[in-house]
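Please look over the sequence and the structure shown below. The questions that follow ask how each descriptive term is justified.

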Amino acid sequence: MGRKSKYENTISKQYGELMAYCKGHMEQMDKTLPEPVEDFQTLLQERGISRRSFIKWTSLMTTALMLPPIFRPMVAKAAENFSRLPVVWLHFAECTGCSEALLRSSYPNVDDILLDTISLEYHETLMAAAGYQAEQNLEKAINDFNGKFICVIEGALPQGLDGKYLTLGPKGKTGVEVAKEVTSKAAAVICIGSCSSFGNVQAAKPNPTDSAGIGDVLGITTVNIAGCPPNSANFTGTLLHFLMFGALPPLDSLGRPTWAYGKRIHDFCERRPHYDAGEYVEEWGDGGAMKSWCLYKVGCKGPYTFANCSKVRFNDGVSWPVMGGHGCMGCTEPGFWDTMAPLEKPIADTTIGGGEKTVDKIGAVLTAVTVAGVAAHAGLSAIKHRGQNKE
Amino acid sequence: METIVPKKEWSVAIRLNHWSTVVAIFILIATGFYIAAPFTVNAGETVNKFLMGDVRFWHIFFGVLLVFAFLWRVYLAFFSRFHADWKDFFAWTDKKNFIKQIKFYLLISKERPDHNYLYGPLQSLAYAGLLFLLFLIVLTGLILLGAGYHAGWTSLVYTLVKPFENLMGGLAVVRWIHHILTWCFILFIVVHVYMAFWYDAVLQEGTISSMISGKVFRKNHSK
Ligand code: HEM
Ligand code: HEM
Ligand code: SF4
């Protein structure tokens, strides 16, 4: 013991280099970014967040981002710089639920306050301007911060009728036009929520407006903070990563940051021991439900859903859907309205062609027909080939 | 004079491969249906129970066995030292024999089509289709497996099969396809086992025992 292994040496060397890079980048940022509007520490005090809570939060966020503890001060510094990152927030076909979920909470935690301080150069729901004035604000923002701002998008893009299912502003531009214009000048595009990421309910079958996610419509790479709504930590964490390293975090094949969407709900669910034990809630409110057994048989889609809800939880870590007693609906997956249906039954109970026909019913009928057919063939063969072997 | 001549039809490798596939598939169907629609174990304390855990263990154990059995079968089709039979999977290309075979099966004619290949024309289609089914269930199985285990070979294989997961539309769809394929196997087994018995009874060449002993018994009409 005592001596460091080769592995440990490599690791500490790699993290040393990463740290040096991070420091260099943040100094560079310090020079180029606009001055902070408010001092973050005073703001936290005003909102009743103690220094201790803030330090605790930095530890949590550092681990969540899969960084070693030495990065805690950097996370704290990035949080202080948060309000200096210019953000343009666009709304397309959506319900504003993501904004609501992120900006409203009864006991705001550090993530929520960070989002309150974010330097929103343009946010259709929050800004006072309207009409031509709003239009001017947007143009000014994207020109002033050309190539530097982060474009956050909430909502899917309808492509039907030449995009005219969604027109915005006094000039009646289509969503697709606005999206093209703004994203082409952004440093990075972050899709918040499943609508902008994958189309969500607007794109569910039969999808009359031909809606789809931003990445699919524009053919660009976007960071997809999927969820309906997503967890605020997944968004702030991604922005913190951008502030610290000047680059977006590693993404999975669907554009979701792997630090948040790398594993399934089912892999970290607190009801998982009941799944493995064979203890399931059979119907709502039964004995198993009272004992917090696994919700698999009442349609939990946790086994098919990549997200960190079971670890991070919602509302300051108070609870999350499965803890609340309803199965996961799979809202971070593309096309979940169609692929996860029926939401309160297991996958195999999906019906085919309407009505009651499930795979198991169709399979059982086909098997019965085949057995009957084979038996009939056997009978006929006995007649046809009778006596042939007595030559 | 009529003599009965034993002819070696199947190598040891093919026979071993066939029966390990059979055992694996039967266990996979049983454990798979439990995973799809588990019953609740009410008695006892949670800490002492691990039914789903065990069932999943055996499903994955025989699943991985089936993966290797499948790869081995494909290897044998090309490189078997006894008889590499990949060409025989194209027996259905012989149109004339194809018609004859259908007539024979539908009991319209008693004339047995010549066996120019190891398999009959319909048999070749069925087995080629079956190897394809095996490929699909192995692929979907490996996706479902990789999604839950994040280390070692499993995660390595998962990076290879992940694009297929996205192509199919996510894990939920993969799971559903896996379930549909299970029924395809059940249907296949009914017909396949029946046909084995049928051939055995009609041709009297020992088709069933051939998969065990490796030999069929051909009647030789000496002139
Ligand atoms: C003939 C072969 C097989 C049959 C009949 C079969 C059947 C099934 C069935 C019916 C399910 C449940 C699906 C549902 O929930 O609706 C299942 C799940 C699964 N199968 Fe298979 N399977 C086969 C081969 C394989 C193979 C080759 C693998 C992998 C190497 C595999 C891995 C899995 C996994 C990982 C699950 C999900 C279990 C879980 O995550 O809890 N299966 N299988
Ligand atoms: C009465 C028992 C059975 C007999 C006599 C029998 C015989 C045969 C024969 C002669 C072949 C062609 C040989 C070959 O291509 O390797 C074959 C192929 C096959 N059999 Fe069977 N079989 C029996 C039962 C089963 C059962 C119960 C299953 C499935 C659970 C099964 C699965 C397969 C598969 C997957 C193939 C095609 C793949 C391959 O070519 O290896 N068999 N069987
Ligand atoms: S409740 Fe859902 S996520 Fe949790 S163990 Fe059961 S199936 Fe998995």
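**How the terms are justified**

Q: What does the shell around ligand 3 consist of, by class?
A: The shell around ligand 3 has nine nonpolar, two polar and two charged residues. The classes are fixed in advance: Ala, Val, Leu, Ile, Met, Phe, Trp, Tyr, Cys and Pro count as nonpolar, Asp, Glu, Lys and Arg as charged, and the others, Gly among them, as polar.

Q: How do you know which values may be relied on, and how are names assigned?
A: This is a predicted model, in which local features need pLDDT of at least 70, side-chain atom pairs count only at pLDDT 80 or more, and totals for chains, interfaces and linings use all residues; side-chain values use heavy atoms, with hydrogens and water left out. Residues are numbered from 1 along each chain as its sequence is written, while chains are lettered from A and ligands numbered from 1 in the order in which they are written.

Q: Which residues around ligand 3 are the closest?
A: Ligand 3 is surrounded by 13 residues, and the closest are A:His266, A:Cys269, A:Cys294, A:Leu295 and A:Cys300. A residue belongs to such a shell because one of its heavy atoms lies within 4 Å of the molecule.

Q: Why is ligand 1 said to lie between chains A and B, and which residues are closest to ligand 1?
A: The same 4 Å limit applies to ligand 1, and ligand 1 lies between chains A and B. Of the 25 residues that surround ligand 1, the closest are B:Arg56, B:His59, B:Arg175, B:His178 and B:His179. At least two residues of this shell come from each of H1, helix H2 (51-79), H4 and H6 of chain B.

Q: What makes a pair of atoms at ligand 1 a polar contact?
A: A polar contact is a pair of N or O atoms within 3.5 Å; within protein, one must be able to donate a hydrogen and the other to accept it, and residues adjacent in sequence count only if both atoms are side-chain atoms. An N or O atom in the side chain of A:Tyr275 is 2.8 Å from an oxygen atom of ligand 1, a distance that therefore meets the limit of 3.5 Å. Oxygen atoms of ligand 1 also lie 2.7 Å from a polar side-chain atom of B:Arg56 and 2.6 Å from an N or O atom in the side chain of B:His179.

Q: Where does ligand 2 sit, and where does ligand 1 sit?
A: Ligand 2 sits in the largest pocket, whereas ligand 1 sits in the largest cavity. On a 1 Å grid over the protein atoms alone, a cavity is a set of points where a 1.4 Å probe fits but cannot get out, and a pocket is an open set with protein on both sides within 12 Å along at least five of seven lines; lining residues have an atom within 4 Å of a point. A molecule sits in one if more than half of its atoms lie within 2 Å of its grid points.

Q: Which polar side chains approach ligand 2?
A: A nitrogen atom of ligand 2 is 2.7 Å from a polar side-chain atom of B:His18, and a nitrogen atom of ligand 2 is 2.8 Å from an N or O atom in the side chain of B:His192. The side chain of B:Arg73 has an N or O atom 2.6 Å from an oxygen atom of ligand 2. H1(B) gives the most to the shell, with six residues. Helices and strands are DSSP runs, numbered from the N terminus (helices: H or I, at least four residues; strands: E, at least two).

Q: Why is strand S7 of chain A called mostly covered?
A: Five of the five residues of S7 (residues 188-192) are buried, where buried means under 20% relative accessible area, exposed over 50%, and partly exposed in between (1.4 Å probe, protein chains only). A:Ala188, A:Ile190 and A:Ile192 cover one side, with A:Val189 and A:Cys191 on the other.

Q: What makes strand S3 and S7(A) a pair?
A: Strands pair if DSSP finds at least two bridges between them. S3 (residues 150-154) and S7(A) are joined in the parallel sense over four bridges, with A:Ile153 opposite A:Cys191.

Q: Why is A:Asn200 counted as buried or exposed?
A: A:Asn200 has a relative accessible area of 7% and is therefore buried. Phi of A:Asn200 is near 50 degrees, a positive value in a residue other than glycine. Most residues other than glycine have a negative phi.
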